[in-house]
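Open your viewer and get ready to click along. Each stop tells you what to select and what to look for.

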Amino acid sequence: MSEELLLTFRSPPLPFFIESNRRTYQPGEEHPNRTNLGVFDLLFVQQGSLYIAEEGKRWTLNAGDVLILRPDRWHYSYKPCQEETVFDWVHFQTVGAWEETEASQGSLRGDYYTYAIRLPKKMHLSFPDEAKLLFSQLHEAAQSSSHGAFWERQQRFLHLLQMLDEGWRSDAAKAGVSVAERAAAYLKMNYRSIITNTMLSEALQLHTNYITRCMTEVFGCTPQQYLLYYRLDQAKLLLIKTDWPIARVAEETGFRQTPHFSRLFAAQTGMPPLKFRKRFTN
């Protein structure tokens with residue numbers, strides 16, 4: 001990761017594509033001056049350099065660089081292009097929660113059923129050829145009026161977001177966010193079994209204290225608390241979807257003793273499991 005600012009989008013709902021195209025500026029031309037555009041503006045430079053500012057912050061974008069401009073800020077070119085410059089632009093938006101923060105200070109978190117898409121404000125792509133092809137395909141779908149074009153451009157756009165989200169994480173594989181999400185994935189995959197902090201540490205090959213610190217920062221809870229919350233959420237689903245006895249629901253969600261499960265369930269939901277089931281099935 002090459003920049004300290006991150007844009008975080010909690011999904012679902014997923015950010016959605018609006019429009020895109022490719023532009024070429026000749027020497028002396030510059031990016032337009034716009035305020036409160038109302039959409040996110042993603043720029044990818046293929047050739048040359050763009051000189052972009054947002055409010056008081058400036059960036060020089062060279063070949064392979066990506067920058068995402070906010071929908072609610074003033075952005076403009078602080079210097080004309082010095083050479084022929086080719087770049088792709090994509091406008092997108094979200095109706096979900098989002099924020100721009102320094103990497104370690106974000107407040108939006110993924111949980112058991114949602115995901116926090118994190119995109120660097122600016123980054124240099126280590127896969128420019130793949131990106132160029134994807135942008136070309138995206139522009140082609142954007143210009144098409146066929147019945148399937150809507151689905152194709154949304155899918156291409158989400159693929160682009162996935163590339164950007166995973167690209168910077170792979171450059172900092174042991175960053176706090178990455179560690180927390182790896183730990184969460186392991187816990188969710190194995191929640192039916194007994195999982196100790198030692199087992200989690202061995203699976204991730206990281207110290208228990210470091211994993212705990214990362215999960216506390218990202219999810220606001222320790223690994224064992226996360227595991228408990230996830231098990232209880234799975235128990236809620238089984239209580240609603242099945243007519244299984246409470247003992248079986250407890251066993252299927254990783255609890256070894258039914259009374260213990262019932263106490264924890266009541267403490268978290270405010271009612272015992274049977275009352276919870278009746279509330280949603282009667």
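The tour below moves from strands to rings and then to loops.

Before you start, note that this is a predicted model, in which local features need pLDDT of at least 70, side-chain atom pairs count only at pLDDT 80 or more, and totals for chains, interfaces and linings use all residues. Residues are numbered from 1 along each chain as its sequence is written, and side-chain values use heavy atoms, with hydrogens and water left out.

**Stop 1: strand 7**

Select residues 65–69, which make up strand 7. Helices (H or I, at least four residues) and strands (E, at least two) are DSSP runs, numbered from the N terminus. Are the residues of strand 7 buried or exposed? Five of its five residues are buried. Buried means under 20% relative accessible area, exposed means over 50%, and partly exposed is in between (1.4 Å probe, protein chains only). Now show the side chains: Asp 65, Leu 67 and Leu 69 point one way, while Val 66 and Ile 68 point the other way.

**Stop 2: the partners of strand 7**

Add strand 4 (residues 40–47), which pairs with strand 7 in the antiparallel sense over four bridges. Two strands pair if DSSP finds at least two bridges between them. Click Leu 43 to find its bridge partner in strand 7, Leu 67. Then add strand 12 (residues 122–124), also antiparallel to strand 7, with three bridges. Here Asp 65 stands opposite His 124.

**Stop 3: aromatic rings**

How many aromatic pairs does a search of the whole structure find? There are 16. Rings of Phe, Tyr and Trp (its six-membered ring) pair if their centres lie within 6.5 Å; planes under 30 degrees apart count as stacked, over 60 as edge-to-face and the rest as tilted. Select Phe 40 and Trp 98, an edge-to-face pair at 4.8 Å centre to centre with 80° between the planes. This pair links strand 4 to strand 10 (residues 98–102), and its two residues are 58 residues apart in the chain. Phe 40 is buried at 0% relative accessible area, whereas Trp 98 is partly exposed at 25%. Now add Phe 9, Phe 17, Phe 92 and Phe 157 to see the aromatic cluster that they form with Phe 40 and Trp 98.

**Stop 4: loops**

Go to the loop between strand 1 (5–11) and strand 2 (16–25), where you will find Pro 12. The peptide bond from Ser 11 to Pro 12 is cis, with omega near 0°. The next bond, from Pro 12 to Pro 13, is also cis.
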